[in-house]
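Reader: I should be grateful for a close look at one part of this structure, namely the surroundings of the ligand. Please then relate that part to the rest of the chain.

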Amino acid sequence: MLNWLGGPHTKAWQSTLGPLRTSAGMVSVRPIRLRDGQIWSDLRIRNEKSLVPWEPTGIGSWAQRHHRSQWGPLYGALKSEAKRGTVLPYVIELDGRYVGQLTVGNIQRGAVRSAWIGYWIDSDHFGGGIATAAVALGVDHCFGPIGLHRLDATVQPANLASQAVLTKVGFRNEGLLKRYMDVDSKWRDHLLFALTVEELPGTAVEALVRSGRASF
Ligand code: ACO
């Protein structure tokens, strides 16, 4: 799949990950599709309240930015980054239905071999272990076929649910990044969570299953 010092195989982003059983149902992670536009728009608009406090500031209203017509250009941009090996743009599915997204970005090769990971879930499904399962699947894909060594996740101190997800998968808090990101029209401090491949005894999914939080 991977040339270790250079780029990835261009099809590496097309894998489907899982499924993994959680208390909410079967969780899997798959590549974004052009036909995801309507459900993407519906869920993003319906979840404005739960997403705005944590997501980068954008230009235009939330409704404008998440109109169905915006998916085509966004999908095209993500797909071309994915083909270049710099982004893994995924949908999180629960029992085969789109319930959120998982993205791995800024994939760097060479001596660093790192990336960031981010995610969101439809609020109707909060607390069912979906994000935790999806992140574990993403981590194993990044440390396995993609060949990364380190994953970063930046999260605001007030975002306790996201910190719980990261901690359950094995990420550590490495400290506070002052005024790190423009979120909801202000520069917000973020905690830097990170995980390197040596810290996982086996895989993230195996650890989750051992802890009783998911099963195959
Ligand atoms: N305080 C402490 N813990 C909390 C709180 C809270 N206020 N709310 C939820 N939790 C815990 C839950 O109890 C659960 O832990 P447990 O299993 O030990 O009980 C954990 O947070 C949530 O785990 P999951 O059920 O796997 O997560 P979920 O599927 O509900 O998704 C997510 C979590 C993605 C953070 C969701 O709330 C969401 O989409 N929020 C809005 C967008 C967002 O914040 N995205 C993350 C941005 S940061 C980043 O991407 C790195």
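Author: In this predicted model, a suitable place to begin is Gly128, where a backbone N or O atom lies 3.4 Å from an oxygen atom of the ligand. Two side chains also take part in such pairs. In the side chain of Thr132, an N or O atom is 2.5 Å from an oxygen atom of the ligand; for the side chain of Asn159, the corresponding distance to an oxygen atom of the ligand is 2.8 Å. On its own, the ligand has 1,000 Å² of accessible area, and the protein covers 72% of it.

The shell around the ligand may now be considered as a whole. There are 25 residues around the ligand, and those that come nearest are Gly127, Gly129, Thr132, Asn159 and Lys168. Thr132 thus appears both among these nearest residues and in a polar pair with the ligand, and Asn159 likewise belongs to the nearest residues and has a side-chain atom paired with a ligand oxygen. Sorted by class, the shell consists of 14 nonpolar, nine polar and two charged residues.

Which elements supply at least two residues of this shell? They are α2 (48–51), β5 (114–121), α5 (130–143), β6 (150–155) and α6 (160–169). Of the shell residues, six come from α6, and this is the largest share.

One of these elements, α5, leads from the ligand to the interior of the protein. The largest nonpolar core has 57 residues, and Val139, Leu151 and Phe171 touch the most other members. The largest share of this core, ten residues, is supplied by α5. Helix α5 therefore has a part in two settings, since it contributes at least two residues to the ligand shell and, as buried means under 20% relative accessible area, its ten core residues are buried ones. Leaving aside residues up to four places away in sequence, Val139 touches Leu151 and Phe171, and also Val169, Leu195, Leu200 and Ala204.

Helix α2, another contributor to the shell, leads to α1 (37–46). In α1, the buried residues are Gly37, Trp40, Ser41, Leu43 and Arg44. These buried residues pack against α2 and β5, as well as α3 (62–65), α4 (71–84) and β4 (97–108). Both α2 and β5 are thus packing partners of α1 and suppliers of shell residues.

Just before α1 is Asp36, placed in the loop between β2 (26–31) and α1. Is Asp36 buried or exposed? Asp36 counts as buried because its relative accessibility is 4%, and the limit for that term is under 20%. Apart from residues up to four places away in sequence, Asp36 touches Arg30, Trp71, Val91 and Tyr98.

Two further loops contain residues with a particular backbone feature. Asp95, in the loop between β3 (88–94) and β4, has a phi near 50 degrees, a positive value in a residue other than glycine. With a relative accessible area of 47%, Asp95 is partly exposed. Arg113 lies in the loop between β4 and β5, and its phi is also positive, near 50 degrees. Arg113 is partly exposed, with a relative accessible area of 23%.

A last backbone detail concerns strand β1 (residues 17–21), in which Pro19 lies. Gly18 and Pro19 are joined by a cis peptide bond, with omega about 10 degrees.

Notes
Residues are numbered from 1 along each chain as its sequence is written. This is a predicted model: local features need pLDDT of at least 70, side-chain atom pairs count only at pLDDT 80 or more; totals for chains, interfaces and linings use all residues. Side-chain values use heavy atoms; hydrogens and water are left out. A residue is near a molecule or strand if one of its heavy atoms lies within 4 Å of it. A polar contact is a pair of N or O atoms within 3.5 Å; within protein, one must be able to donate a hydrogen and the other to accept it, and residues adjacent in sequence count only if both atoms are side-chain atoms. Accessible areas come from the Shrake-Rupley method with a 1.4 Å probe; for residues, only the protein chains shown count as cover. Helices (H or I, at least four residues) and strands (E, at least two) are DSSP runs, numbered from the N terminus. Ala, Val, Leu, Ile, Met, Phe, Trp, Tyr, Cys and Pro count as nonpolar, Asp, Glu, Lys and Arg as charged, and the others, Gly among them, as polar. Buried means under 20% relative accessible area, exposed over 50%, partly exposed in between (1.4 Å probe, protein chains only). Contact means heavy atoms within 4.5 Å. A nonpolar core is a set of buried Ala, Val, Leu, Ile, Met, Phe, Trp, Tyr and Cys residues joined through side-chain atoms within 4.5 Å.
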